[in-house]
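Please open the model in your viewer and keep the sequence panel beside it. The tour below proposes one selection after another and says what is to be found at each stop.

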Amino acid sequence: MNKQAVLSLSGGMDSSTVLLHLLANDYQVTAVSFNYGQKHNIELERAQQLINYLEENGYKIKYQEIQLVGLVDLLNSNLVQGGEEVPEGHYEEDNMKDTVVPNRNKMFSSIIQAVALSIANENNCKVDIAMGIHAGDHAIYPDCRQEFRDADYEAFKQGNWEADKVKYITPYLDGDKYDILLDGKICCEKLGLDFDEVYKRTNTSYKPTAEGLSDYKSASSVERIEAFLKLGRKDPVEYVDGWEIAKQHVTELLAKHA
């Protein structure tokens with residue numbers, strides 16, 4: 001039996017790369033996406049497109065989208081439908097706290113833990129929960145911090161029999177977006193996948209257009225573009241105003257924060 005892993009697949013660059021990393025390391029993967037009423041729900045379409053692409057290339061993933069849309073009217077965040085405008089700028093700016101969704105990662109974590117422990121018990125095996133958290137995760141997101149993860153895992157162990165069958169793996173904990181993208185390039189080569197075909201099936205933009213074009217001014221997009229610039233590759237997703245304008249904007253913004 002292959003090694004087993006469970007992954008929260010947002011459809012973004014980080015979790016999509018974790019999926020590649022798991023496949024490249026011989027895991028059987030169960031991937032779960034969440035629809036919680038996010039404005040950028042194009043990410044769910046991209047997640048499904050990536051799953052389809054991988055399966056066309058011989059990689060079978062058990063995939064499930066879970067609907068949490070009943071929450072949207074009860075959540076206070078600029079990222080969900082009905083919320084205020086998503087702010088623009090760099091993650092270092094204080095207004096980026098408006099992009100926090102209260103307790104989001106805790107909600108996702110509880111479901112992922114339940115799935116992982118179910119697989120472990122059904123097959124009497126160890127299961128890894130894989131996460132794309134990295135050193136670039138920001139202070140404005142307390143549920144991305146290791147302290148939260150440690151406390152959450154301890155609560156999981158206290159609340160479930162045989163929870164020690166489930167462990168966490170965080171391959172990018174000491175890296176940043178560039179390191180994640182670099183590993184994605186290496187994994188694509190190992191798996192025989194086309195890098196551009198993979199990453200055009202991801203979304204990082206918090207402010208995509210109705211047609212699915214990515215913005216280049218929200219903090220999430222800025223950070224993604226920065227990683228592609230450092231890697232020396234054109235981002236294969238389509239940007240409002242095109243890649244050259246997006247690249248120029250981010251280059252100038254980063255110079256201001258240097």
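## Stop one: a serine in a helix

Select S109 to begin: with a relative accessible area of 5%, this serine is buried, and it has its place in helix α3, which covers residues 104–123. Bear in mind throughout that the model is a predicted one. If you now display what surrounds S109 and disregard residues up to four places away in sequence, you will find that S109 touches R149, D152 and Y168.

## Stop two: the aspartate it touches

Of these, take D152 next, which is found in helix α4, residues 146–159. Is D152 buried or exposed? Its relative accessible area is 3%, and since the limit for a buried residue is under 20%, D152 counts as buried. Show the side chains of D152 and Q113 together, and you can trace a polar contact of 3.0 Å that joins them. When neighbours within four places in sequence are left aside, D152 is in contact with K106, S109, Q113 and Y168, so that Y168 appears in the list for D152 and also in the list for S109.

## Stop three: the whole chain

Zoom out now and colour the model by secondary structure, which shows eight helices and five strands in the protein. Followed along the sequence, these elements give the pattern β-α-β-α-β-α-β-α-β-α-α-α-α. The radius of gyration is 18 Å, close to the 18 Å that the globule rule gives for 258 residues, so the protein is as compact as a globular protein of that length. Taken along the principal axes, the box filled by the C-alpha atoms is roughly 55 × 45 × 35 Å.

With a surface display switched on, you are looking at an accessible surface of about 12200 Å², 48% of which belongs to carbon and sulfur atoms, while 52% of the 258 residues count as buried. Among the contacts with a separation of 6 or more, 72% are made by residues that lie 24 or more positions apart.

## Stop four: two strands and a crossover

Select strand β2, residues 27–35, together with strand β3, residues 62–67, and you will see that they pair in the parallel sense over six bridges. A convenient place to look at this pairing is T30, which stands opposite K62 in β3. Add helix α2, residues 42–56, to the selection, for the chain passes from β2 through this helix to β3, and the β-α-β crossover formed in this way is right-handed.

## Stop five: an arginine in the crossover helix

Stay with helix α2 and pick out R46, which is found there. This arginine, at 11% relative accessibility, counts as buried. Where does the side chain of R46 reach? It comes to the backbone oxygen of T202, at 2.9 Å. Apart from its neighbours within four places in sequence, R46 is in contact with G11, K200, R201, T202, N203, G212 and V237. For a sense of scale, draw a distance from R46 to E226: the two are 180 residues apart in sequence, and their C-alpha atoms are 21 Å apart in space.

## Stop six: loops with positive phi

Most residues other than glycine have a negative phi, and the next two selections depart from that. D26 lies in the loop between α1 (13–24) and β2, where its phi is near 65°, a positive value. With a relative accessible area of 55%, D26 is exposed.

Move on to E162, in the loop between α4 and β5 (166–169). This glutamate has a positive phi of about 55° although it is not a glycine, and at a relative accessible area of 47% E162 is partly exposed.

## Stop seven: a loop between two helices

For the last selection choose D241, which lies in the loop between α7 (219–231) and α8 (243–256). At 53% relative accessibility D241 counts as exposed. Which contact joins the side chains of D241 and Y216? It is a polar contact of 2.7 Å, and if you draw the distance between the C-alpha atoms of D241 and Y216, which are 25 residues apart along the chain, you should read 9.1 Å.

Terms used. Residues are numbered from 1 along each chain as its sequence is written. This is a predicted model: local features need pLDDT of at least 70, side-chain atom pairs count only at pLDDT 80 or more; totals for chains, interfaces and linings use all residues. Side-chain values use heavy atoms; hydrogens and water are left out. Two strands pair if DSSP finds at least two bridges between them. Helices (H or I, at least four residues) and strands (E, at least two) are DSSP runs, numbered from the N terminus. A crossover is right-handed if, with the strands pointing away from the viewer, the path from the first strand over the helix to the second runs clockwise. The radius of gyration is taken over C-alpha atoms; the globule rule is 2.2 Å times the number of residues to the power 0.38. Buried means under 20% relative accessible area, exposed over 50%, partly exposed in between (1.4 Å probe, protein chains only). Contact means heavy atoms within 4.5 Å. Accessible areas come from the Shrake-Rupley method with a 1.4 Å probe; for residues, only the protein chains shown count as cover. A polar contact is a pair of N or O atoms within 3.5 Å; within protein, one must be able to donate a hydrogen and the other to accept it, and residues adjacent in sequence count only if both atoms are side-chain atoms.
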